[in-house]
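Thank you all for coming; I would like to walk through one model this morning, going from open spaces to a metal site and then to the ring contacts. Please keep the structure in view while I talk.

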Amino acid sequence: MTNFSHKLRLSSTLLRRLQQRVTAANSDKFRSFTTTEGHRPTIVHKRSLDILHDPWFNKGTAFSTTERDRLNLRGLLPPNIMSPEQQVDRFMADLKRLQVNARDGPSDPNALAKWRILNRLHDRNETMYYKVLIGNIEEYAPIVYTPTVGLVCQNYSGLFRRPRGMYFSAEDRGEMMSMVYNWPSDEVDMIVVTDGSRILGLGDLGVQGIGIAIGKLDLYVAAAGINPQRVLPVMIDVGTNNEKLLADPLYLGLQQHRLEGDEYIAVIDEFMKAVFTRWPNVIVQFEDFQSKWAFKLLQRYRNTYRMFNDDVQGTAGVAIAGLLGAVRAQGRPMIDFPKMKIVVAGAGSAGIGVLNSARKTMARMLGNTEIAFESARSQFWVVDAHGLITEAREDIDPDARPFARKVKEIDRQGLREGASLVEVVRQVKPDVLLGLSAVGGLFSQEVLEALKGSTSTRPAIFAMSNPTTNAECTPEEAYSIVGDNIIFASGSPFKNVDLGDGRIGHCNQGNNMYLFPGIGLGTLLSGSRNISDGMLQAAAECLAAYMTEEEVQNGIIYPPISSIRDITKEVAAAVIKEAREEGLAEGYREMDSRELHKLNDEEILKYVEDNMWSPEYPTLIYRED
Ligand SMILES: NC(=O)C1=CN([C@@H]2O[C@H](COP(=O)(O)OP(=O)(O)OC[C@H]3O[C@@H](n4cnc5c(N)ncnc54)[C@H](O)[C@@H]3O)[C@@H](O)[C@H]2O)C=CC1
Ligand SMILES: CC(=O)C(=O)O
Ligand SMILES: [Mg+2]
C-alpha cells in the first residue's frame with residue numbers, strides 16, 4: 001500500500017514534469033512561429049555559465065528543458081521551470097518584502113534599497129529587469145530616474161558593483177578611437193553622455209554622474225523600446241571641481257581638477273569622432289553638462305552629428321507643451337500664448353533653453369516676422385542668482401543677453417537691475433512663474449503670496465528643478481498659499497494634493513522624460529542625420545496636443561507616467577513626419593526614404609510600434625564561432 005502510494009506520488013511528479021516540458025516545448029514552438037523583432041531566434045556563441053552570467057541572454061529559471069540541454073545548462077539551475085510572469089511575481093514579492101525591511105539611512109530609508117535590488121536584477125537578467133520596469137513604471141521610474149538617481153550618483157562610489165557603460169577620461173587622450181572597439185556590440189543606437197559637471201540640481205559629481213546616463217537610457221528602453229543591447233551610457237571624466245570628491249580616497253574618478261578651454265573641447269571632439277566612426281548611425285544625447293559647455297557643444301556639433309542636448313532642447317519642448325496647456329487651462333485659445341507674462345527663475349542651460357524656445361513659439365504665432373520676434377521678448381522677466389537681468393548688468397552672460405530687460409522699460413514697471421524674485425512677481429503679476437534655478441524652496445511663502453496678485457484667472461507654477469529637495473516649492477505650498485485655482489507642475493514626482501470636498505489639486509510632472517525618448521526614437525527611425533529645430537518643435541506640439549480639453553480643464557497638463565510608452569510612440573511619429581517634410585528622412589533598415597514617404601499617419605504609428613523592443617525572451621540557438 002505504502003509502495004503503491006509512493007509510486008502514485010512519483011508518477012504525479014513525473015506527470016507534472018512532463019506537462020512542464022510540453023508547455024515549455026509548446027512555448028518554444030510558439031516563439032519560433034512569430035517573426036517580430038522580439039521573437040526571432042537569437043544566435044549565441046556561448047554556453048553554460050557564460051550564458052547565465054550574460055544579462056543579455058540570461059533567462060534564469062525560465063530556460064526551458066530543451067534549451068537547458070542545448071546550451072549545457074542542465075544542473076546549473078534549480079529544476080523548476082518558471083514562466084517569465086512567475087519570475088516577475090517572485091521578484092516583486094521579494095522587492096515588496098525587502099522594501100519594508102531594508103534601511104539605508106534616515107532621509108529616505110527605502111529608495112536606495114529598491115535601487116540596489118533593481119540594479120542587481122539589471123546585472124543578471126536585462127529582459128526581466130525591463131519587464132519589471134515597464135510593468136511598474138509609475139512606481140519605479142522615481143527609483144531608476146529622478147529623484148533617486150540623484151542619490152545614487154551622490155553615493156556611486158559605495159554603490160558601484162558591476163561596471164555598466166563606458167568611461168573615457170582625460171588620460172585616454174589619443175586612445176579613444178581604439179577604445180570604442182572594446183565595447184562588445186557592433187550596433188549602438190543611443191548614447192547618453194555626461195561629463196558629470198551638473199547632475200540634476202546637485203552640482204559637480206564627477207565620474208559618479210554615470211548614474212544619470214544609465215537612468216536616462218533606462219527610460220529609452222522602457223518608454224521608447226530602444227533595444228537594451230544597443231544603448232551605451234558614457235561618462236567623460238575630465239576631472240572634477242568638487243573638492244569633497246577630490247579629497248575622498250574612495251572616489252572612482254580622476255583625482256584632478258576639470259580640464260578647461262581647448263583641452264576640454266579636444267577631449268569631447270575626440271570622443272565624438274570615435275563613437276561616430278564606429279557607429280555612424282548612433283544618436284548622442286548630451287546630458288547634464290554645465291551651462292557654459294552645454295550651449296557651446298550643442299552649436300559645435302548639431303550640424304555635423306546626430307546629437308541633441310536634453311537639458312537645453314528636451315526641457316524646452318516639455319516646458320512649451322506645459323505652457324500651452326496652462327493657456328488652455330485658463331479657458332483661452334492656444335493662440336493667446338504670446339500674451340502670457342512669464343517670470344523665469346534660473347538662466348542656465350535649462351532656463352535659457354526654455355526662454356529661446358518660448359520666444360520662438362510666440363513669434364511664430366504672431367506671424368514669424370522680425371517684429372514679432374522682437375515683441376515676444378518683452379513677455380519674459382528673467383531672474384538669476386543676482387536678481388532681475390537687465391541691460392544695465394555688467395558681464396552679462398551672452399546666452400542671457402537677449403532676455404535682459406531694457407532699463408527704461410523696467411523703470412516704468414517699478415523695477416531695477418538685480419530686483420529680487422519677490423519684487424518682480426509683485427510688480428509683474430505674471431501668468432506663469434517658472435523655476436529652473438536648482439534652488440530648493442526658492443518660491444518661498446513671500447513669493448507665492450506675491451503671485452496671488454497675478455492678473456491671470458489661473459496662474460501656473462512650474463517648480464521644475466530636480467531632484468525633489470531642489471524643487472522651488474512643493475504642490476502643498478503652492479495650493480495652500482496661492483489658492484486652489486492654479487496649475488502646478490514639478491520636475492520630480494510629488495503626490496496630488498487633497499483640496500477637500502473630493503477635489504484634487506493636480507501635481508503634474510514637468511520633466512523632459514516625456515520628450516527625449518520620442519526624439520531619440522523618431523530620429524533613429526526617420527534616419528535623419530541631424531535633429532532640426534522643426535523636429536524638436538513637432539515633438540513639443542505633439543505632447544501639447546496629447547491632453548484632452550477635459551484633462552486640461554482639470555489642471556492635468558502632462559500625461560501620467562503610466563502612458564509614457566504611448567506618448568513616446570506618438571512623439572516619435574511626429575518627429576518622423578517632420579523629418580520627412582523637411583527632406584531629412586533617409587530611412588531606417590528596410591524602410592528606405594521612398595517607402596517612408598508612402599506611409600500615412602496610421603502606418604507611421606504602426607512602423608514605430610513594430611520597431612519598439614519589448615521585454616520578451618527570444619529562443620536561443622547555439623552556433624560555433
Ligand atoms: N524638469 C526638467 O525636465 C529639467 C529640470 N532641470 C533642472 O533645472 C535646474 C537647473 O539646471 P541648469 O539650467 O542646467 O543649471 P545651471 O546651474 O546652469 O543654472 C541655474 C541657474 O539658476 C540661477 N540661480 C541660482 N540661484 C538663484 C536664485 N536664488 N534665484 C534665481 N535664480 C537662481 C543661476 O544664476 C543660474 O542661472 C536643475 O535643478 C535641473 O535639475 C534641468 C533640465 C530638465
Ligand atoms: C531632468 C533633467 O534632465 C535634469 O534635471 O537635468
Ligand atoms: Mg538633465
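**Pockets, metal site and rings**

The largest pocket has a volume of about 1,100 Å³, and I should say at once that we are looking at a predicted model. Its lining is made up of 41 residues, and those nearest the centre of the largest pocket are Trp56, Phe57, Asn227, Gln229 and Arg230. If you follow the secondary structure around that lining, you will find that strand S1 (42-44), H5, helix H6 (126-135), H11 and strand S4 (231-237) each supply at least two residues.

Let me turn to the enclosed space. The count comes to 1 cavity of 30 Å³ or more, and the largest cavity has a volume of about 170 Å³. Of the 19 residues lining the largest cavity, Trp115, Asn119, Tyr156, Arg164 and Ile214 are the closest to its centre. Two or more lining residues come from each of helix H5 (111-124), helix H8 (148-154), helix H9 (156-159) and helix H11 (210-224), and it is H5 that gives the largest share, with 5 residues. H5 and H11, then, are elements to keep in mind, since both are listed for the lining of the largest pocket and both also appear in the lining of the largest cavity.

Next come the annotated positions, which I take from the UniProt record, an unreviewed entry. That record places the feature "active site" at Tyr145 and Lys216. These residues span 72 residues in sequence, yet no two of their C-alpha atoms are more than 7.0 Å apart, so they gather at one spot. The lining of the second largest pocket includes both Tyr145 and Lys216. Where along the chain is tyrosine 145 found? Tyrosine 145 is in the loop between helix H7 (137-144) and H8, and it counts as buried because its relative accessibility is 2%, under the 20% cut-off.

The UniProt annotation "binding site", again from the unreviewed entry, covers Arg198, Asn466 and Asn511, and Arg198, Asn466 and Asn511 are likewise taken in by the lining of the second largest pocket. Arginine 198 has its place in the loop between strand S3 (190-194) and H11. Is arginine 198 buried or partly exposed? Arginine 198 counts as partly exposed, because its relative accessibility of 21% is not under the 20% that buried would require.

Now to the metal. The magnesium ion, ligand 3, has as its protein donors Glu287 (OE), Asp288 (OD) and Asp311 (OD), which lie 2.0 to 2.1 Å from it. Along the chain, the donors of the magnesium ion follow the spacing E-D-x22-D. Aspartate 288 and aspartate 311 link distant parts of the chain, 23 residues apart, with aspartate 288 in the loop between strand S5 (283-286) and helix H14 (291-301) and aspartate 311 in helix H15 (residues 310-329). Both aspartate 288 and aspartate 311 are buried.

The UniProt record, an unreviewed entry, places the feature "domain: Malic enzyme NAD-binding" at residues 312-580. Over residues 312-580 the chain is 44% helix and 12% strand, with the end C-alpha atoms 24 Å apart.

Finally, the aromatic rings, for which the count comes to 12 aromatic pairs. Tyrosine 264 and tryptophan 293 form a stacked pair, 4.4 Å centre to centre with 25° between the planes. This pair links distant parts of the chain, tyrosine 264 lying in helix H13 (residues 261-278) and tryptophan 293 in helix H14, 29 residues apart, and both tyrosine 264 and tryptophan 293 are buried. Phenylalanine 286 and tyrosine 301 form a tilted pair, at 6.0 Å centre to centre and 40° between the planes; here phenylalanine 286 belongs to strand S5 and tyrosine 301 to helix H14, 15 residues apart. Phenylalanine 286 is buried, at 2% relative accessibility, and tyrosine 301 is buried too, with a relative accessible area of 3%. One aromatic cluster is formed by Phe276, Phe286, Phe289, Tyr301 and Tyr305.

I will close with charges over rings. The charged end of arginine 359 sits over the ring of phenylalanine 373, 3.9 Å from its centre, while arginine 405 lies over the face of tryptophan 381, at 4.1 Å from the ring centre.

Methods:
Residues numbered from 1 in each chain as written. Chains lettered and ligands numbered in written order. Predicted model: local features only at pLDDT ≥ 70, side-chain atom pairs only at ≥ 80, totals over all residues. Heavy atoms only, no water. Donors = N, O, S within 2.8 Å, 3.2 Å for Na, K, Ca; no water. Helix = DSSP H or I, 4+ residues; strand = E, 2+ residues; numbered from the N terminus. Buried < 20%, exposed > 50% of the residue type's maximum accessible area, 1.4 Å probe, protein only. UniProt positions renumbered as here; feature names shortened; annotations may be inferred. Phe/Tyr/Trp six-rings, centres within 6.5 Å; stacked < 30°, edge-to-face > 60°. Lys NZ or Arg CZ within 6 Å of the ring centre and 35° of its normal. 1 Å grid on protein atoms, 1.4 Å probe; cavity = no way out; pocket = protein on both sides within 12 Å on 5 of 7 lines; lining within 4 Å. Points joined across faces, edges and corners; volume = space filled by probe spheres on them.
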